[in-house]
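Hi everyone, thanks for coming. I'd like to walk you through a structure this morning, so please have a look at the sequence and the model as we go.

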Amino acid sequence: MQRRQSSKTPKQPLQGHHKNQTDLSAWRKGGRIDPEKSIQNHQTPDRQKNDRQQDSLEQALCYFEKVQERVSLKKNSVLQKHLATVESVALQRGLPPEGFEVLLNVALSGKFGDTVNTCLLKSLVPASVIPESSIISSVSWLCVGKCSGNIQLLFLKWLITVFDFIDHKEQIHALYGFFFSFLQDEKMCPYVCHLLYLLTRKENGESGMQSHLQALLSLYKLFCPELVTITLPGKMKTYFKNSEGPWKAAISAIRRRSQGNSPLSQPLFLGTAQPQSRKRKWNTQLFIPASSANRNNLEQDRGKKHVDLYGTNKSFPVEQLQTFPQLLENIHRLELPSQMGSVLTNPLLLHYMNCIKDESVYLRLNYWMGQTLQEECTWCVADNQYEDEFKDFLETVYKTECFLQEGFSSCEEFLYKSLPLWDGFCCRSQILRLVSWIPLGSFSEMKSHLYDPLAQLFFTSSLYFKCSVLESLKELLQNWLNWHVIHLDSASDPQVCSLNTTLSGLVNVVAELIQFVGWISTVALRLENNPTFLLYFILDFYETVCDMYLRYSLPLLIMPPAGVFYPALLSMDSVSLNQLCYIMYRYRTNLVAAKENEQSKKKILQFKFSSQTYQEYNQYIIAMVGCLWTSTAFQKDIHPQGLHMDEELLKKTAMQEFKTSFNIVYHPAMMGYAVLFLQQAWPDDTTFNFSLIKGKKWNWYLEYLYAQGLKGLKLFIESSINRVSQASCSKAENTQA
Amino acid sequence: GENTDPQRIAFLLRKQWTLYSVTPLYRFSNAHLRNYSRLLSAFIAAERQKGWAVEVGVELDIKVAVSSLPDLKGSDQDHAAILVEVRTSQKTSEEKLIWSGWFCSVCGDDFFENMPEDFTCLPLFLTNGAESYTAIVGSWFQKTFDCCFHRLAISPLNLSWMAAMWTGCKVDKTASAMELIFSVPGLLQPLDISYAIHPEDAKALWDTVQKTPGEITQEEVDIFMDCLYSHFHRHFKIRLSAAKLVKVSTAIASAHCDGIIKVSLGPEIGVLAVVWTGRLLCPLAETQA
């Protein structure tokens, strides 16, 4: 490789340069590394000073980013000022990740003289991490050779010192060959060796006797003994001089300072944490491992035992997997990551997970996830204050479950263990969303682990919490039903049939969930005094329930309890009434379809709806038609918890025209429409004579209601009210008149 | 664990062990222990040389030995314990043990009946030595066998079990006192109460409580602790039941709620104590795994 013939021109920075140029103020406000955060309460003057520093650092970085032509330091006070800012901020607090690309680009591009470049490089002290992209573009600057040999050397020394601060190293590993070519330079050779030593991995072993070369070779020999045939001294020597750069002391100082202030900066350094807190022991920070293949030599030994089905035993390392076509091409020889937890952040591997049936893959993931969930749970583990991290983790788990369309057993166990201890507040939306992916289980398990703790929280929490619970139980129901539909399609597959859920088992578990929701809904409506908001979520749940037979082929229909039905029927809000009409229409459609199937007996039906379901439906229909249409609800409603009332009693209320008080004109949810209708039909009449709405006007009124978007009402009236002839229609009107 | 060779296990005595729980190891095999030693040595050497943590001038030759301890297990179903030792040999050519850790499974019986073929269950990991080595060795195991580690705390309930268990063991008369340390919650300044009991008195009390030798029940442990508490209350008017038991130490062993244990007496009785303690902690580790 000819290292001085790179195609790079100084005016064209590497791709991705601008993309990575993120907002500096984000670093200031949001950062987990922000040392101000924890001390801001008692150190206001310091904070102001920090803010001032921050602003001038931003200005300085802007300056260095935009500077075009070569400037001399002596004559330029602006440059002097900015340089001083960078230097002082770097030594006091370290530079934010965003700063490195800007400053490295300037220092290595030769825009300034070596004095400035040296000063800039010496200031490159990281506050947290160094973005890999900045290193990549630096190497490319190195290749075009715009800067002096001294600056190149200094850069290499810096790179060795801060190697562990680079956030990712995959792309840097890809530049291995570039670094290798630098070995020819006599001065750079020791440092390049040191760098290669840090970079070398097993596969690099495929490539003179000074001590630095010896060190590199000894590492090669360790990984690939067959490639290094010369004998190396057995004793380890000091191969590399400690890069005597100015950075190490500054880095330590900044680390000490930030550790004192913010515990959050500590997880960056595995194994060097302070011992006083349980949380800061090694390995206790919440982190999802990166996807990397297992570099265990033993895998090769093991591979030999397996029969090579595909004519190649060369596996495809997971790091190289970047695109979907790559996945398709290499799916037969894809090497799974050494730590299965890494699939959570790798969408391509999730695709792969979706199509493999290897149980051990899920087991590995579940072992890791189960332990991580339990250990990081902020309300199960004492003095764990890392709620945001835990929240993000739960969010990731939920997204993965959505992607796989399947709940994790470890997550289910975690919910069962932690729900009884949950305050219903911490990570609320994440926990409730995870509930929706609980797999079908036995009722006794669901009752003691899920329903009981959930009910306790439900009754004692806010209206908003109640609605959130109902929403997540609706999603739980839908997930179960979807699962059922999918497995119905693949019912011929004996493997699927062996799943422990039989149809009757499924029907029972689903019925129990619906009954549970019916019960908590009834109680909640009473507790909260029937708010429309709550009713909306309850009826939304029943929109799924009423369609289970037709939409999900589940032979089960359960009517809502009276405690839900009547509050909806007598609701003050047309939205709820319209929703109820739609639901009753769908119940009817489902029941009719079931009855037809039953009668045709083409299929041997395993399950029949109980006559009780039909009976309940009929009772509700009588009440609804009696209310909305025939104005006979008080006489005809036969539901034990219904509207039936003694005529004498009704007369004592001294209410006039009590009979019609819930029909589609007088119903409190509908009266608004009736008023508007009257205003349009009789613009001059200001008496609001509702009795005018009859006969033809009654039909016009209906059309008006439908046009207002009351589609549920339309479907209900057209399906459930027999209007075959005008006669029956006028009869209905007569009764309401 | 009855046919244990005491010498083989003597290494675990008189040292403080920090406890971790471990999820099952994926594709771990006893047949590859020598290879594991080699790879782990390389890994530690590489980690130590990396980046700015380079310690120049300190010339260490790290040797790692991964070996099996077939004697150390609770029952035949258990996997043999795995010992990891990190040694340095300096110019004096004398090898020095700088870190050791062992994985063990002493839970017995049907805990792992359903463990699939590719997985090895060794749910307890005990370490002694610098935490930086624990971190490196742990990371290597995590990456190589897709397992994860977490610190294992010991609850006050388990500590009281250990107190009862160790009290029941026969020791000679010169044995040191049994000591219980409590921390008082809700104070601005931390306050610890140390409660020392003559070992013979404690044993006499335990003998009156325990109904069947060789068997301990939760009820017996509760009675034993309640007797100790009421004795303390008679003298100092302090109810220890309201404080948190944080440490138990006896002539045989000691345990701290932070998950640190130390077995002092041995070897025979020490080994027994380890196995018992392990049994007590195993379910703990298992529920976390």
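Let me start with a question: is the crossing of α23(A) and α24(A) left-handed or right-handed? The crossing is left-handed. Before I go on, please keep in mind that this is a predicted model.

Let's stay with that pair of helices. The angle between α23(A) and α24(A) is about 160°, and their axes are 10 Å apart. Angles over 145 degrees count as roughly antiparallel, so α23(A) is roughly antiparallel to α24(A). From α23(A), the residues in the contact are A:Ile514, A:Val517, A:Gly518, A:Ser521, A:Ala524, A:Leu525 and A:Glu528. On the α24(A) side they meet A:Leu534, A:Leu535, A:Ile538, A:Phe541, A:Tyr542 and A:Val545. Sorted by class, this contact has 10 nonpolar, 2 polar and 1 charged residues.

Those two helices turn up again around α26(A), which spans residues 562–569 of chain A. How many of the residues of α26(A) are buried? The count is 8 of its 8 residues, and the helix is mostly covered. If you want to find them on your screen, they are A:Ala562, A:Gly563, A:Val564, A:Phe565, A:Tyr566, A:Pro567, A:Ala568 and A:Leu569. The cover over these residues includes α23, α24, α27 and α28 of chain A.

Two of those covering helices, α27 and α28, also help to cover α33(A), together with α32 of chain A. Helix α33 runs from residue 711 to 720. Its buried residues are A:Gly712, A:Leu713, A:Phe716, A:Ile717, A:Ser719 and A:Ser720.

Now for some loops in chain A. Just ahead of α26, in the loop between α25 and α26, you'll find A:Ser553. Phi of A:Ser553 is positive, near 55°, and this residue is not a glycine. A:Ser553 counts as partly exposed because its relative accessibility is 42%. A:Gln405, in the loop between α17 and α18 of chain A, is another non-glycine residue with a positive phi, about 55°.

That loop brings us to α18, residues 409–418, where A:Glu412 lies. Is A:Glu412 buried or exposed? Its relative accessible area is 13%, so A:Glu412 is buried. Leaving out residues up to four places away in sequence, A:Glu412 touches A:Ile438, A:Pro439 and A:Glu445. You can also look at A:Leu434, which is 22 residues from A:Glu412 along the chain, with 8.3 Å between the two C-alpha atoms.

Another buried residue in chain A is A:Thr161, at 7% relative accessibility. A:Thr161 sits in helix α7, residues 149–161. Which backbone oxygen lies 2.7 Å from a polar atom of the A:Thr161 side chain? That oxygen belongs to A:Lys157. Further along the sequence, A:Leu195 is 34 residues from A:Thr161, and the C-alpha to C-alpha distance is 9.6 Å.

Let's switch to chain B. Its secondary structure comes to 7 helices and 13 strands. The chain has 289 residues, and 52% of them are buried. If we take contacts in chain B with a separation of 6 or more, 68% of them are between residues 24 or more positions apart.

B:Leu83 is a nice example to click on, in strand β4, residues 81–89 of chain B. With a relative accessible area of 2%, B:Leu83 is buried. Not counting residues up to four places away in sequence, B:Leu83 touches B:Phe11, B:Ala65, B:Val66, B:Ser67, B:Leu69, B:Gly101 and B:Trp102. B:Cys104 is 21 residues from B:Leu83 in sequence, and their C-alpha atoms are 8.6 Å apart.

Finally, one helix pair in chain B. Helix α5, residues 199–209, and helix α6, residues 218–236, pack at an angle of about 140° with their axes 10 Å apart. That angle makes α5(B) oblique to α6(B). Their crossing is right-handed, whereas the crossing of α23(A) and α24(A) is left-handed. In α5(B), the contact uses B:Ala202, B:Leu205, B:Trp206 and B:Val209. Their partners in α6(B) are B:Glu220, B:Val221, B:Ile223, B:Phe224, B:Cys227 and B:Leu228. By class, that contact of α5(B) with α6(B) divides into 9 nonpolar, no polar and 1 charged residues.

That's my tour, and thanks for listening.

Conventions: Residues numbered from 1 in each chain as written. Chains lettered and ligands numbered in written order. Predicted model: local features only at pLDDT ≥ 70, side-chain atom pairs only at ≥ 80, totals over all residues. Heavy atoms only, no water. Helix = DSSP H or I, 4+ residues; strand = E, 2+ residues; numbered from the N terminus. Buried < 20%, exposed > 50% of the residue type's maximum accessible area, 1.4 Å probe, protein only. Polar contact = N/O pair within 3.5 Å; in protein donor to acceptor, adjacent residues only side chain to side chain. Axes fitted to C-alpha atoms, helices over the stretch in contact; angles between N-to-C directions. Parallel < 35°, antiparallel > 145°, perpendicular 65-115°, else oblique. Left-handed = near helix turned anticlockwise from the far one by under 90°. Contact = heavy atoms within 4.5 Å. Nonpolar A, V, L, I, M, F, W, Y, C, P; charged D, E, K, R; others polar.
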